[in-house]
Amino acid sequence: MSIETTHTLIVGGGQAGIAMSEHLGAQGIPHLVLERDRIAERWRSHRWDSLVANGPAWHDRFPNMSFEGVDPFAFAPKDRIVTYFEDYAKKIAAPIRCGVEVTGLTRQADGQFRAETTGGVILAQNVVAATGPFQKPILPPLVPAETGLMQIHSTGYRNPAQLPEGAVLVVGAGSSGVQIADELLRAGRKVYLSVGPHDRPPIRYRGRDFVWWLGVLGKWDAPTVAPGMEHVTIAVSGAHGGRTVDFRDLAARGMVLTGRTQSCVNGVLGFAPDLAQNIARGDANYLSVLDEADAYLAANGIDLPPEPQARVLGPMPACATDPILSLDLAEAGISAIIWATGFALDFGWLQVPGAFDAAGRPAHQKGVTQVPGLYFLGLAWLSRRASPFIWGAWHDARTLAGHIAARG
């Protein structure tokens with residue numbers, strides 16, 4: 001089989017890979033995008049049926065194209081997001097090759113990269129790893145398979161009908177966990193939701209979307225400033241027209257909240273006594289955004305309608321003041337557990353010395369590694385808070401394209 005060559009190889013055909021292709025094309029740099037499945041595959045087959053974007057359509061997009069046929073202030077459904085990326089790739093004539101997986105990447109003595117793929121060998125001067133942050137679902141081995149419960153990661157959940165009859169435990173109260181738990185509750189299921197530490201921004205405040213507030217308050221541009229900050233869970237939802245996540249409301253509607261899931265012994269789960277603390281921390285984050293928003297308006301002389309009711313928080317629910325610390329799965333009638341517990345990175349194909357730190361994490365400065373010609377794109381906190389989001393990846397890609405162009 002002959003060896004193919006290209007100036008820059010992009011691995012991944014999702015939002016990061018398409019954004020990278022646009023900026024390289026604008027620079028006149030020859031390149032190739034390899035996607036092991038289809039364009040935006042994560043949006044197609046790794047999300048539940050009813051998923052919508054968590055930000056409004058005016059914001060969750062690339063700057064050069066709007067969502068056709070979608071209200072700018074609405075939240076685009078996942079199928080429309082897939083179509084958006086397909087249309088965008090056509091618009092920029094992105095050289096994407098789907099169904100081709102990179103199985104190994106090494107660096108040769110001459111400085112070129114050698115990519116072993118299911119379609120043959122490709123040599124490139126530069127490589128951009130644009131496979132994103134949602135690579136390997138984390139499914140904790142806490143509950144033994146002998147319990148007979150259905151256990152799936154949130155990426156495997158599609159709809160309530162998929163689950164066996166009975167109660168459901170959802171572990172993880174970020175965006176995915178909260179939305180899935182709410183959908184199951186609306187479908188008439190008994191739902192237990194294990195809630196850990198989280199941030200809880202208002203979906204709207206004083207007539208503006210939360211993404212607008214994060215922008216004017218400079219939060220999208222925030223770098224990682226403290227250990228662990230990059231792993232903060234965000235409870236936000238664009239479902240049902242976009243609503244601020246309210247754990248008090250979920251409890252009032254019949255959902256049983258617990259603290260963090262810690263153990264499982266003989267079919268009995270143990271929970272941390274931290275539910276009230278976690279809810280209070282989310283409240284503090286929520287109120288801090290309102291405080292900063294009010295201060296911003298006052299400092300800039302901007303008149304937006306006041307919203308005093310946004311600061312009214314009800315009492316802690318009974319499940320928080322008198323928390324459940326253990327739960328017999330069989331007695332509770334739980335038939336399924338959904339682990340909304342996030343993802344780990346998987347760069348097993350990238351075998352280039354110097355690409356990772358001692359802990360196995362990508363080693364880079366805003367996407368630029370110490371290995372000449374090797375780049376990361378689309379990762380959480382690559383350059384700032386916005387990096388893993390659609391428009392954030394677009395701006396990071398523009399910076400990396402400039403770096404690649406400067407290399408010649």
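Contact here means heavy atoms within 4.5 Å. With that cut-off, in this predicted model, residues 24 or more positions apart account for 69% of the contacts in the chain with a separation of 6 or more.

**Stop 1: the whole chain**

Select the full chain and show it as a cartoon. There are 9 helices and 19 strands to find. The radius of gyration is 23 Å, close to the 22 Å that the globule rule gives for 408 residues, so the chain is as compact as a globular protein of that length. Turn the C-alpha trace along its principal axes, and the spans are about 65 × 60 × 40 Å.

Now switch to a surface. The accessible surface of the chain comes to about 17800 Å², and carbon and sulfur atoms hold 53% of that area. Of the 408 residues, 51% count as buried. To look at charge, colour the 35 positive and 38 negative charges; their mean positions lie 3 Å apart.

**Stop 2: helix α9**

Select residues 390-407, which form helix α9. This helix has 18 residues and reaches 26 Å from its first C-alpha to its last, close to the 26 Å expected at 1.5 Å a residue.

Which residues of α9 are buried? Show side chains for Ile390, Trp391, Gly392, Ala393, Trp394, Asp396, Ala397, Leu400, Ala401 and Ile404. When reading the later part of that list, recall that an α-helix has 3.6 residues a turn, so residues three or four places apart point the same way.

Next, add what covers the buried residues of α9. The cover includes the strands β1 (4-11), β6 (120-129) and β19, along with the helices α1 (15-26) and α3 (78-91).

Step just past the helix to Gly408, where phi is positive at about 85°.

**Stop 3: two positive phi values outside glycine**

Most residues other than glycine have a negative phi. Two residues to select next have a positive one.

Go to His240, in the loop between α5 (210-216) and α6 (247-252). Its phi is about 55°, although His240 is not a glycine. Is His240 buried or partly exposed? With a relative accessible area of 47%, His240 is partly exposed, as exposed would require over 50%.

Then move to Lys366, in the loop between β18 (343-344) and β19 (374-376). Phi of Lys366 is positive too, near 55°. Relative accessibility is 57% here, so Lys366 counts as exposed.

Strand β19 closes the tour: it follows the loop that holds Lys366, and β19 is also among the elements covering the buried residues of α9.

Notes
Residues are numbered from 1 along each chain as its sequence is written. This is a predicted model: local features need pLDDT of at least 70, side-chain atom pairs count only at pLDDT 80 or more; totals for chains, interfaces and linings use all residues. Side-chain values use heavy atoms; hydrogens and water are left out. Helices (H or I, at least four residues) and strands (E, at least two) are DSSP runs, numbered from the N terminus. Buried means under 20% relative accessible area, exposed over 50%, partly exposed in between (1.4 Å probe, protein chains only). The radius of gyration is taken over C-alpha atoms; the globule rule is 2.2 Å times the number of residues to the power 0.38. Accessible areas come from the Shrake-Rupley method with a 1.4 Å probe; for residues, only the protein chains shown count as cover. Lys and Arg count as positive and Asp and Glu as negative; His and the chain ends are not counted. The place of a charge is taken as NZ of Lys, CZ of Arg, CG of Asp or CD of Glu. The expected span of a helix is 1.5 Å times one less than its number of residues.
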